[in-house]
Amino acid sequence: MWLGKRVFDFVLAMIGLVVLSPLFILIALWIKMDSAGPIFFRQTRVGLNGRVFRIHKFRTMRTDAEKIGPQLTVGRDARVTRSGELLRKYKIDELPQLIDVLVGSMSFVGPRPEVPRYVDKYPAGVKEKALSVRPGITDRASIEFKDENEILGGSADPEKDYVEKILPIKLKYHLEYVARASLSEDLKLIFLTLKEIFISR
């Protein structure tokens, strides 16, 4: 199953990058005109078997965002740029992760990769299982917590609530995915993700 999944990921990512290249160019120009800084946001995440990699996203925040605030994005975060608001709303900022899928750091579907500081909080047995598959661009947790920043925006202590309330649910979904991973499950989650982005909003 995993070899077939990798072939599926590679072919679809290659097609996606070719087809979306004109859109990538337009978004890159918009980001550069909107605010100073690089086009891409690169951040260390933990992937398959605990290997770290630097994820690709379109930059949606000020370049000093992580110096002046938390790694979590909460509510109407003042660090988000004007272009970033729209890119985040429709998850367009996630499209460069096609690069990560192409090189094998990620898959289209799989547990969303976390930053090391949150992975360190995974229970030992859960951590090994959750990291036993490639992380994905989307998963059930991404769908269920699509408005996570708004949810945390109403919290008195967003960091604490994320670790104690949201992260355990995400880990539950991660383990469920690992237990029943299949191409049909992946196609179902891709469909549900597209539905949430283009129909439910």
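**Overall fold and four residue environments**

With 201 residues, a compact globule would be expected to have a radius of gyration near 17 Å, and the value of 16 Å for the protein chain agrees with this. The model is a predicted one, and the values below were computed from its atoms. Taken along the principal axes, the C-alpha atoms fill a box of roughly 45 × 45 × 35 Å. The secondary structure consists of ten helices and four strands, and these follow one another along the sequence as α-β-β-α-α-α-β-α-α-β-α-α-α-α.

Contacts and surface fill in the overall picture. Among contacts with a separation of 6 or more, 70% link residues 24 or more positions apart. Of the 201 residues, 44% count as buried. The accessible surface of the protein chain comes to about 10900 Å², and carbon and sulfur atoms contribute 62% of that area.

A good place to begin a closer look is helix H1, which spans residues 2-34 and includes Arg-6. Arg-6 is buried but forms no salt bridge. A salt bridge requires a side-chain nitrogen of Lys or Arg within 4 Å of a carboxyl oxygen of Asp or Glu, whereas Asp-9, the nearest side chain of opposite charge, is 4.9 Å from Arg-6. What the side chain of Arg-6 does reach is the backbone oxygen of Val-101, at 2.7 Å. Beyond residues up to four places away in sequence, Arg-6 touches Val-101, Leu-102, Val-103, Gly-104, Met-106 and Arg-134.

Asp-9 appears again in the surroundings of Ser-107, where the two side chains make a polar contact of 2.6 Å. Ser-107 belongs to strand S3, which covers residues 107-109. With a relative accessibility of 0%, Ser-107 counts as buried. Outside its neighbours within four places in sequence, Ser-107 is in contact with Lys-5, Asp-9, Val-101, Arg-134, Pro-135, Gly-136 and Ile-137. Two of these residues, Val-101 and Arg-134, are also on the contact list of Arg-6.

Helix H1 also contains Asp-34, the residue number at which the helix ends. Asp-34 has a relative accessible area of 16% and is therefore buried, as the limit for that class is under 20%. Its contacts, leaving out residues up to four places away in sequence, are Thr-81, Arg-82 and Ser-83. Each of these can be described a little further. The C-alpha atoms of Asp-34 and Thr-81 are 7.5 Å apart in space, although 47 residues separate the pair in sequence. With Arg-82, Asp-34 shares a side-chain to side-chain polar contact of 3.0 Å. For Ser-83, the partner atom is the backbone nitrogen, which the side chain of Asp-34 reaches at 2.9 Å.

Ile-92 offers a view of a loop, the one between helix H3 (82-89) and helix H4 (97-103). The relative accessible area of Ile-92 is 23%, so this residue is classed as partly exposed. Not counting residues up to four places away in sequence, Ile-92 touches Ile-27, Phe-58 and Leu-87. Of these, Leu-87 falls within the residue range of helix H3, and Ile-27 within that of helix H1. Phe-41, which is 51 residues from Ile-92 along the chain, has its C-alpha atom 13 Å from that of Ile-92.

Conventions
Residues numbered from 1 in each chain as written. Predicted model: local features only at pLDDT ≥ 70, side-chain atom pairs only at ≥ 80, totals over all residues. Heavy atoms only, no water. Helix = DSSP H or I, 4+ residues; strand = E, 2+ residues; numbered from the N terminus. Buried < 20%, exposed > 50% of the residue type's maximum accessible area, 1.4 Å probe, protein only. Lys, Arg positive; Asp, Glu negative; His and termini not counted. Polar contact = N/O pair within 3.5 Å; in protein donor to acceptor, adjacent residues only side chain to side chain. Contact = heavy atoms within 4.5 Å. Rg over C-alpha atoms; globule rule 2.2 N^0.38 Å. Areas by Shrake-Rupley, 256 points an atom, 1.4 Å probe, with all protein chains shown as cover.
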